[in-house]
Amino acid sequence: MLSVLIACHDCDLLQYKIALAPGSSARCVRCSATLYRRPRHRIDYPIAWAITAVALFIIANAFPVLSLQIQGRETSTTLLGAALTMQDQGMPLVAALVLGTTVIAPALGLVAMLYVLIPLRFGRLMPGFVALTRLLQTIAPWAMIEVFVLGLLVSLVKLQHLATVIPGIGLWAFIALMLTSVAATATYDPHLIWQHIADLDTADDIV
Ligand SMILES: [Zn+2]
C-alpha cells in the first residue's frame with residue numbers, strides 16, 4: 001500500500017491510495033466517484049497524441065483557414081493574418097484573446113507536456129519539471145481550440161449568403177488539432193506521471 005492520502009474531488013473524503021493493477025480504477029467509498037486510474041498504456045499515449053497535435057498545430061497556423069470569393073476576387077487568410085487584421089481595425093483585445101486561447105495557450109500546453117513526458121519516458125526528469133506540471137494545470141482552461149473551431153463553422157455558414165466560402169487546409173487541420181488535443185489532455189493524467197516517477201525510484205531528486 002502507498003501511504004498517500006487522496007481527497008475525493010466530489011465529496012472531499014480523504015482516503016488512502018492503494019496500488020492498482022494496470023487497467024483498473026479506484027472509486028470513492030462514499031460517493032463512488034472515480035478517484036484515479038492506472039491505464040495499461042502508461043505515458044506513451046499522451047506523448048503520441050501531443051506529437052501529432054504539434055504537427056497539426058504547425059499546419060493549422062501555416063495554411064489559410066478560409067478563402068472568400070466575391071465577384072471573382074479571392075482572399076484567404078491564416079489565423080495569424082486574421083488576428084493582425086482585427087488589430088488594424090481597432091480590436092486589439094479581441095485579437096489578443098484569439099491569439100492567446102487558440103495559439104499561445106495550446107502551444108505552451110503541448111510544448112510543456114512533451115518537455116515533461118518525453119524525458120520521463122526515458123527515465124529522466126528535466127529541470128523545472130514540477131513548475132511545468134503545475135503550469136499545465138493552470139493553462140489547460142485557457143486552451144480553447146474547440147470554441148474557435150465552433151465559431152469558424154458558424155461564421156462559415158453565415159458567410160455563405162455573402163460570398164463563396166472555401167474551407168482551407170488550416171480549417172481541416174484545426175478540426176484534427178481539436179480532436180488530438182482533447183485526446184492528449186484526456187490521456188495525460190498527473191497521477192500517472194507520479195506513479196511513473198515512483199516506479200523510476202527517483203522521486204527524491206525532485207523534492
Ligand atoms: Zn466521494
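Two helices count as roughly parallel when the angle between their axes is under 35 degrees. Keep that cut-off in mind as you tour this predicted model.

**Stop 1: helices H3 and H7**

Select residues 92-121 for helix H3, then add residues 190-200 for helix H7. The axes of H3 and H7 are 11 Å apart, and the packing angle is about 30°. That angle is under the cut-off of 35 degrees, so H3 and H7 are roughly parallel to each other. Turn the view until one helix passes in front of the other: the crossing of H3 and H7 is left-handed.

**Stop 2: helices H2 and H3**

Keep H3 on screen and select residues 79-88, which form helix H2. Here the axes are 7 Å apart and the helices pack at about 160°. Angles over 145 degrees count as roughly antiparallel, and H2 is therefore roughly antiparallel to H3. H2 also passes H3 in a left-handed crossing.

**Stop 3: helices H1 and H6**

Now select residues 44-62 for helix H1 and residues 169-187 for helix H6. Their axes come within 8 Å and cross at roughly 160°. How do H1 and H6 run, roughly parallel or roughly antiparallel to each other? With the crossing angle over 145 degrees, H1 and H6 are roughly antiparallel. The crossing of H1 and H6 is left-handed.

**Stop 4: the largest pocket**

To find the largest pocket, select Leu66, Thr77, Ala82, Met86 and Leu152, the lining residues that lie nearest its centre. In total, 19 residues line this pocket, and its space comes to about 520 Å³. Next, colour the elements around the largest pocket: strand S5 (66-70), strand S6 (73-77), helix H2 and helix H5 (145-159) each supply at least two lining residues. Which element gives the largest share of this lining? That is H5, with six residues. Try colouring the lining of the largest pocket by residue class, and you will find eleven nonpolar residues, eight polar ones and no charged ones.

**Stop 5: the second largest pocket**

Move on to Met113, Ala140, Ala143, Ser181 and Thr185, which are the closest to the centre of the second largest pocket among its 18 lining residues. The second largest pocket holds about 390 Å³ of space. You will meet some helices from earlier stops: H3, H5 and H6, together with helix H4 (129-139), each supply at least two residues of this lining. H3 provides the largest share, with five residues. Colour the lining of the second largest pocket by class to see 13 nonpolar residues, four polar residues and one charged residue.

**Stop 6: the cavity**

For the last stop, look for an enclosed space. The model has one cavity of 30 Å³ or more, and the largest cavity has a space of about 80 Å³. Select its lining: Lys17, Ile18, Ala19, Leu20, Tyr36, Arg37, Arg38, His191, Leu192 and Gln195. Strand S4 (34-38) and helix H7 each supply at least two of the residues lining the largest cavity. By class, the lining of the largest cavity has five nonpolar, two polar and three charged residues.

Finally, give domain 1 (1-38) and domain 2 (42-206) separate colours. Where does the largest cavity lie with respect to domain 1 and domain 2? Both domains give residues to its lining, so the largest cavity lies between them.

Definitions and conventions:
Residues are numbered from 1 along each chain as its sequence is written. This is a predicted model: local features need pLDDT of at least 70, side-chain atom pairs count only at pLDDT 80 or more; totals for chains, interfaces and linings use all residues. Side-chain values use heavy atoms; hydrogens and water are left out. On a 1 Å grid over the protein atoms alone, a cavity is a set of points where a 1.4 Å probe fits but cannot get out, and a pocket is an open set with protein on both sides within 12 Å along at least five of seven lines; lining residues have an atom within 4 Å of a point. Grid points are joined across faces, edges and corners, and a volume is the space filled by probe spheres set on the points. Helices (H or I, at least four residues) and strands (E, at least two) are DSSP runs, numbered from the N terminus. Ala, Val, Leu, Ile, Met, Phe, Trp, Tyr, Cys and Pro count as nonpolar, Asp, Glu, Lys and Arg as charged, and the others, Gly among them, as polar. Domain bounds come from an automatic or database domain assignment. Axes are lines fitted to C-alpha atoms, for helices over the stretch in contact, and angles run from 0 to 180 degrees between N-to-C directions. Angles under 35 degrees count as roughly parallel, over 145 as roughly antiparallel, 65 to 115 as roughly perpendicular and the rest as oblique. A crossing is left-handed if the near helix is turned anticlockwise from the far one by less than a right angle, and right-handed if clockwise.
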